[in-house]
Amino acid sequence: MRIYLAGPFFSDEQIDRIARAEHALTQNQTVDSFFSPRLSDENSTPLLKEGTPEWAQMIFKKDVEEIDDADLVVAVAAFVHANVDSGTAFEVGYAYHSNKPDRKSVIVQELDEPLNLMLGQALTHYTTSVADLATLDFTNLPNQPYSGQTF
């Protein structure tokens, strides 16, 4: 099972949450490998300056390729209150609409906030704890819908 890990990593709190998700995925015996954009070599390339159009094109291409190669997307839905990071929302939507009919997604939302209906309807499994990623059986992912407040 190859996982694509989506989620924001712009603040210390977000970086901590993504780092905990990365660690949990390394502990999970049903995960063969995972890609986290935060750890991607493309983020530290000396050839392109961060923020330039060329850098953005390279990052976009790499992330889309990794989503295409993944069996499953795990998305951390945490940004600012009920708002989801726009990049994370794109990644979930792109994966949902991919040509893999059995593509599944897991949404992790540790913050006690309503969830955007588009994410809530796109997911296969919802959890409120990053720690769950260490033991979740990704090969036989249980259907666990979101049942909280939505907008």
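In this predicted model, helix H2 gives the largest share of the lining of the largest pocket, namely six residues. That makes H2 a good place to begin a tour of the structure, so keep the 3D view open as you read.

## The largest pocket

A general idea helps here: rolling a probe the size of a water molecule over the atoms shows where empty space is left. The largest pocket has a volume of about 510 Å³. It is lined by 21 residues, and those closest to its centre are Phe9, Phe10, Ile59, Asp63 and Glu91. Two elements give two or more residues to this lining: helix H2 (53-69) and helix H3 (86-96). What classes do the residues of the lining belong to? Eleven are nonpolar, five are polar and five are charged.

## The second largest pocket

The second largest pocket has a volume of about 160 Å³. Its lining includes Ala82, Val84, Tyr96, Met118 and Phe151. Helix H3 appears again, since H3 and helix H4 (117-122) each supply at least two residues of this lining. By class, the lining of the second largest pocket holds nine nonpolar and three polar residues, and no charged residues.

## Two helices, each with a buried side

Now look at helix H2 by itself. Its 17 residues should span 24 Å at 1.5 Å a residue, and its end C-alpha atoms are indeed 24 Å apart. Which residues of H2 are buried? They are Trp55, Ile59, Asp63, Val64, Glu66 and Ile67. Seen down the axis of H2, the buried residues fall within an arc of 160°, so they line one face of the helix. A general rule is handy for reading such a pattern: an α-helix has 3.6 residues a turn, so residues three or four places apart point the same way. On the face of H2 turned away from the buried side, you will find the exposed residues Pro53, Gln57 and Lys61.

Ile59 and Asp63 deserve a second glance: both are among the buried residues of H2, and both are among the residues closest to the centre of the largest pocket.

Helix H1 can be read in a similar way. H1 covers residues 12-27, which makes 16 residues, and it reaches 23 Å from its first C-alpha to its last, close to the 22 Å expected at 1.5 Å a residue. The buried residues of H1 are Gln14, Arg17, Ile18, Ala21, Glu22, Ala24 and Leu25. These buried residues cover an arc of only 165° around the axis, which puts them on the same side of H1. Asp12 and His23, on the other side of H1, are exposed.

## Rings that meet

The structure holds five aromatic pairs. In general, a pair of aromatic rings is described by the distance of the centres and the angle of the planes. Here are two of the pairs:

| Pair | Distance between centres | Angle between planes | Type |
|---|---|---|---|
| Phe60 and Phe90 | 5.9 Å | 45° | tilted |
| Phe90 and Tyr94 | 5.9 Å | 25° | stacked |

Where do the partners Phe60 and Phe90 lie? Phe60 is in helix H2 and Phe90 is in helix H3, so this pair ties together parts that are 30 residues apart in sequence. Phe90 and Tyr94, by contrast, both lie in helix H3, four residues apart, or about one turn of the helix. Together, Phe60, Phe90 and Tyr94 form one aromatic cluster.

How open are these rings to the outside? Phe90 is partly exposed, with a relative accessible area of 38%. Tyr94 also counts as partly exposed, at 26% relative accessibility.

## Two stops outside the helices

Asp41 sits in the loop between strand E2 (33-35) and H2. Is Asp41 buried or exposed? Asp41 is exposed, with a relative accessible area of 64%. Along the chain, Asp41 and Ile59 are 18 residues apart, and their C-alpha atoms are separated by 9.9 Å.

The last stop is Gly148, in the segment after strand E5 (125-127). Gly148 is partly exposed, with a relative accessible area of 38%. In sequence, Gly148 and Leu115 are 33 residues apart, while in space they are 7.5 Å apart, C-alpha to C-alpha.

Methods:
Residues are numbered from 1 along each chain as its sequence is written. This is a predicted model: local features need pLDDT of at least 70, side-chain atom pairs count only at pLDDT 80 or more; totals for chains, interfaces and linings use all residues. Side-chain values use heavy atoms; hydrogens and water are left out. On a 1 Å grid over the protein atoms alone, a cavity is a set of points where a 1.4 Å probe fits but cannot get out, and a pocket is an open set with protein on both sides within 12 Å along at least five of seven lines; lining residues have an atom within 4 Å of a point. Grid points are joined across faces, edges and corners, and a volume is the space filled by probe spheres set on the points. Ala, Val, Leu, Ile, Met, Phe, Trp, Tyr, Cys and Pro count as nonpolar, Asp, Glu, Lys and Arg as charged, and the others, Gly among them, as polar. Rings of Phe, Tyr and Trp (its six-membered ring) pair if their centres lie within 6.5 Å; planes under 30 degrees apart count as stacked, over 60 as edge-to-face and the rest as tilted. Buried means under 20% relative accessible area, exposed over 50%, partly exposed in between (1.4 Å probe, protein chains only). The expected span of a helix is 1.5 Å times one less than its number of residues. The arc is that of the directions from the helix axis to the C-beta atoms.
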